[in-house]
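Reader: Got a minute to walk me through this one? I'd like to start on the inside and work from there.

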Amino acid sequence: MLSVETRHAIHPEHAKGMDTEALRAHFLGEGLFAAGEIRLIYTHYDRFVLGGAVPAGGELVLEKVEETKTPTFLARREMGIVNIGDTGTVSADGESWEMGRGDVLYLGMGTGAVTFSGEGRFYITSAPAHATYPNKLITVEEAVKVEMGAAETSNKRVIKQFIHPTVMESCQLILGYTSLLDGSVWNTMPAHIHDRRMEAYLYWGMSEEARVLHLMGEPQETRHLMVADEQAVISPSWSIHSGAGIGEYTFIWAMAGDNVDYTDMDFIQPKELK
């Protein structure tokens, strides 16, 4: 029911020499959503965890994860959950939250066992925490929406902020998602890095044939990953993260690190990329 894969941190000098297979093995999360299973990736980037839970009409319980060496997974962690499937339910500490497609649930440090049920496909993100904040369901309607980009540069998009200082308090976890408008393909351009935080992306809402060309690597030593629907990218603090896709898609971004300032980023103009 539960499987956990560990990913160690990679130095940028090491990444320069990686071939396609090695890049995908270290930075791409595939097969996260399997019926009747919880699959997690425990990373050594700010001890961030990402994964998927698919109860498939039954129940799945996330309680103890051996990799954290804590009594329960959330004993010293906070969690953000996004439902990317049909309506499902998450229960913890005697409370239950029904989640529609696109809704986000925050669970604070000290929450006990977490139960997933129904027809949801739950994307899980988690980071270490230093304080307990209240559990909170944020629906799609309650998210803060920010429009960015322009049709002329093919990056017109809507950013929905959920676990974010404009919506609620958290320790270090920030989460939201970005949807491209018709005719736009670039999810982030100009690209940027933020040396103070890592980030993870889950690409979602794509057709089976579609792919996103995800750019990563140092600004003057870029690499790429071809990413399919429901696949995730682990982005180290030294790496840019930008991409262009075929057709409609959304990407869920989640960050952990030194601060919760969403605008704390260093932009890299296209002419500076190599």
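Author: Sure. Keep in mind that this is a predicted model. Let's start with Ile252, which touches Val82, Ile84, Tyr123, Leu175, Gly176, Tyr177, Ala200, Tyr201, Leu202 and Trp204, leaving aside residues up to four places away in sequence.

Reader: OK, and which residues touch the most other members of the largest nonpolar core?

Author: Ile252 is one of them, along with Phe27, Phe48 and Tyr203. That core has 59 residues.

Reader: What does a second, separate core include?

Author: Leu60, Phe73, Leu74 and Leu105 are among its members, and it has 22 residues. As a general point, nonpolar side chains in soluble globular proteins tend to be buried together.

Reader: Switching to a polar one. Where is Asn83?

Author: Asn83 sits in strand E6, which covers residues 77-83.

Reader: Is Asn83 buried or exposed?

Author: Buried: the relative accessible area of Asn83 is 0%, and the cut-off for buried is under 20%.

Reader: What does the side chain of Asn83 reach?

Author: The backbone nitrogen of Gly85, at 2.9 Å. Not counting residues up to four places away in sequence, Asn83 also touches Gly88, Met99, Gly100, Arg101, Gly102, Asp103, Gly120, Arg121 and Phe122.

Reader: Now the rings. How many aromatic pairs are there?

Author: The count comes to 8 aromatic pairs. Take Phe27 and Trp238: their ring centres are 6.3 Å apart and the planes stand at 85°, so this pair is edge-to-face.

Reader: Why does that pair tie together parts 211 residues apart in sequence?

Author: Because Phe27 lies in helix H2 (residues 20-27), while Trp238 is in the loop between strand E20 (232-235) and strand E21 (242-245).

Reader: And are those two buried or exposed?

Author: Phe27 counts as buried at 0% relative accessibility. Trp238 is buried too, with a relative accessible area of 15%.

Reader: Got another pair for me?

Author: Tyr203 and Phe251. Their ring centres lie 6.1 Å apart with the planes at 45°, so that pair is tilted. This one also links distant parts of the chain: Tyr203 is in strand E17 (residues 197-204) and Phe251 is in strand E22 (residues 250-257), 48 residues apart. Both Tyr203 and Phe251 are buried.

Reader: Which residues form one aromatic cluster with them?

Author: Tyr201 and Tyr249 join Tyr203 and Phe251 in one cluster.

Reader: Last topic, the sheet with E18 in it. What's the strand order?

Author: E19-E18-E21, an open sheet of 3 strands with antiparallel pairing. Strand E19 (221-227) and E21 are the edge strands, each pairing on one side only. Direction ignored, neighbouring strands in this sheet are turned by 20° against each other on average.

Reader: How many bridges join E18 to E19?

Author: There are 7, and strand E18 (residues 212-218) runs antiparallel to E19. Those two strands form a hairpin with 2 residues between them.

Reader: Which residue in E19 is the bridge partner of His214?

Author: Leu225. Next to that, Leu213 stands opposite Met226 in E19.

Reader: And what packs on the sheet?

Author: Helix H2 does, touching E18 and E19, and its direction makes about 75° with that of E19. That's the helix Phe27 lies in.

Definitions and conventions: Residues are numbered from 1 along each chain as its sequence is written. This is a predicted model: local features need pLDDT of at least 70, side-chain atom pairs count only at pLDDT 80 or more; totals for chains, interfaces and linings use all residues. Side-chain values use heavy atoms; hydrogens and water are left out. A nonpolar core is a set of buried Ala, Val, Leu, Ile, Met, Phe, Trp, Tyr and Cys residues joined through side-chain atoms within 4.5 Å. Buried means under 20% relative accessible area, exposed over 50%, partly exposed in between (1.4 Å probe, protein chains only). Contact means heavy atoms within 4.5 Å. Helices (H or I, at least four residues) and strands (E, at least two) are DSSP runs, numbered from the N terminus. A polar contact is a pair of N or O atoms within 3.5 Å; within protein, one must be able to donate a hydrogen and the other to accept it, and residues adjacent in sequence count only if both atoms are side-chain atoms. Rings of Phe, Tyr and Trp (its six-membered ring) pair if their centres lie within 6.5 Å; planes under 30 degrees apart count as stacked, over 60 as edge-to-face and the rest as tilted. Two strands pair if DSSP finds at least two bridges between them. Axes are lines fitted to C-alpha atoms, for helices over the stretch in contact, and angles run from 0 to 180 degrees between N-to-C directions.
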